[in-house]
Amino acid sequence: MLKNDKMANFMTVPATLKELDKIEMVRQFDGVYLLDHVVTATQKVILKAFDVDELHIRTKVKALVKNYQTTTKRTKLNRKEMTKWQG
């Protein structure tokens, strides 16, 4: 077990899930997705229990955005092809 100099504050499972639920992505006007807020100290402590840090979260967000952008481009191309064949 790791030593912690601070007094341990325990959260209930619903409170923990509610806190982690605040980590979310938002779409900006230019269509780019970013984290809505910075990861708070409380969220970092919770994530640390699962061996996850803020860098890991940011890396996953970038991967999700890249995946979304390629999927969106493919969908637009497929729609254009379908319209071409139907029209």
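**Salt bridges, a core and a ring pair**

At 23% relative accessibility, E54 counts as partly exposed, because buried means under 20% and exposed over 50%. The model in which E54 is seen here is a predicted one.

E54 takes part in two contacts between charged side chains. With K44 it makes a salt bridge whose closest N and O atoms are 3.3 Å apart. This pair links distant parts of the chain, since K44 belongs to helix α2 and E54 to helix α3, 10 residues apart. With R58, E54 makes a salt bridge in which the closest N and O atoms are 3.2 Å apart. Here both partners, E54 and R58, lie in helix α3, four residues apart, which is about one turn of the helix. Through E54, then, K44, E54 and R58 are linked in a network of salt bridges. K44 has a relative accessible area of 40% and is therefore partly exposed, and R58, at 35%, also counts as partly exposed. Side chains of opposite charge can pair when their charged atoms come close.

The frame around this network can be set out briefly. The chain contains three helices and two strands, and along the sequence they follow the pattern α-β-β-α-α. Of the 87 residues in the chain, buried residues make up 14%. The chain exposes about 8,300 Å², and 60% of that is supplied by carbon and sulfur atoms. Among contacts between residues at least 6 apart in sequence, 36% join residues at least 24 apart.

In total the structure holds three salt bridges. One of them joins the side chains of E19 and K22, at 3.4 Å from N to O. Is each partner here buried or exposed, or something in between? E19 has a relative accessible area of 14%, so it is buried; K22, at 48%, counts as partly exposed.

E19 also leads to Q43. The backbone oxygen of E19 lies 3.0 Å from a polar atom of the Q43 side chain. Q43 sits in helix α2, which covers residues 41–48. With a relative accessibility of 3%, Q43 counts as buried. Which residues does Q43 touch, if those up to four places away in sequence are not counted? They are E19, L20, K22, I23 and V38. Both partners of the E19 and K22 salt bridge are thus among the contacts of Q43.

The next subject is the nonpolar interior. In soluble globular proteins, nonpolar side chains tend to be buried together. In this chain the largest nonpolar core has seven residues, namely L35, V39, L47, V52, I57, V61 and V65. Helix α3, residues 54–86, gives the most to this core, with three residues. One member of the core, V65, is in contact with M25 and Y33, leaving aside its neighbours within four places in sequence.

Y33 opens the last topic, that of the aromatic rings. The count comes to one aromatic pair. The pair is formed by Y33 and Y68 and is edge-to-face, with 5.2 Å from centre to centre and 75° between the planes. Y33 lies in strand β2 (residues 33–35) and Y68 in helix α3, so the pair ties together parts that are 35 residues apart in sequence. Both rings belong to partly exposed residues: Y33 has a relative accessible area of 21%, and Y68 has a relative accessibility of 41%.

Notes: Residues are numbered from 1 along each chain as its sequence is written. This is a predicted model: local features need pLDDT of at least 70, side-chain atom pairs count only at pLDDT 80 or more; totals for chains, interfaces and linings use all residues. Side-chain values use heavy atoms; hydrogens and water are left out. Buried means under 20% relative accessible area, exposed over 50%, partly exposed in between (1.4 Å probe, protein chains only). A polar contact is a pair of N or O atoms within 3.5 Å; within protein, one must be able to donate a hydrogen and the other to accept it, and residues adjacent in sequence count only if both atoms are side-chain atoms. Contact means heavy atoms within 4.5 Å. A nonpolar core is a set of buried Ala, Val, Leu, Ile, Met, Phe, Trp, Tyr and Cys residues joined through side-chain atoms within 4.5 Å. Rings of Phe, Tyr and Trp (its six-membered ring) pair if their centres lie within 6.5 Å; planes under 30 degrees apart count as stacked, over 60 as edge-to-face and the rest as tilted. Accessible areas come from the Shrake-Rupley method with a 1.4 Å probe; for residues, only the protein chains shown count as cover. A salt bridge is a side-chain nitrogen of Lys or Arg within 4 Å of a carboxyl oxygen of Asp or Glu.
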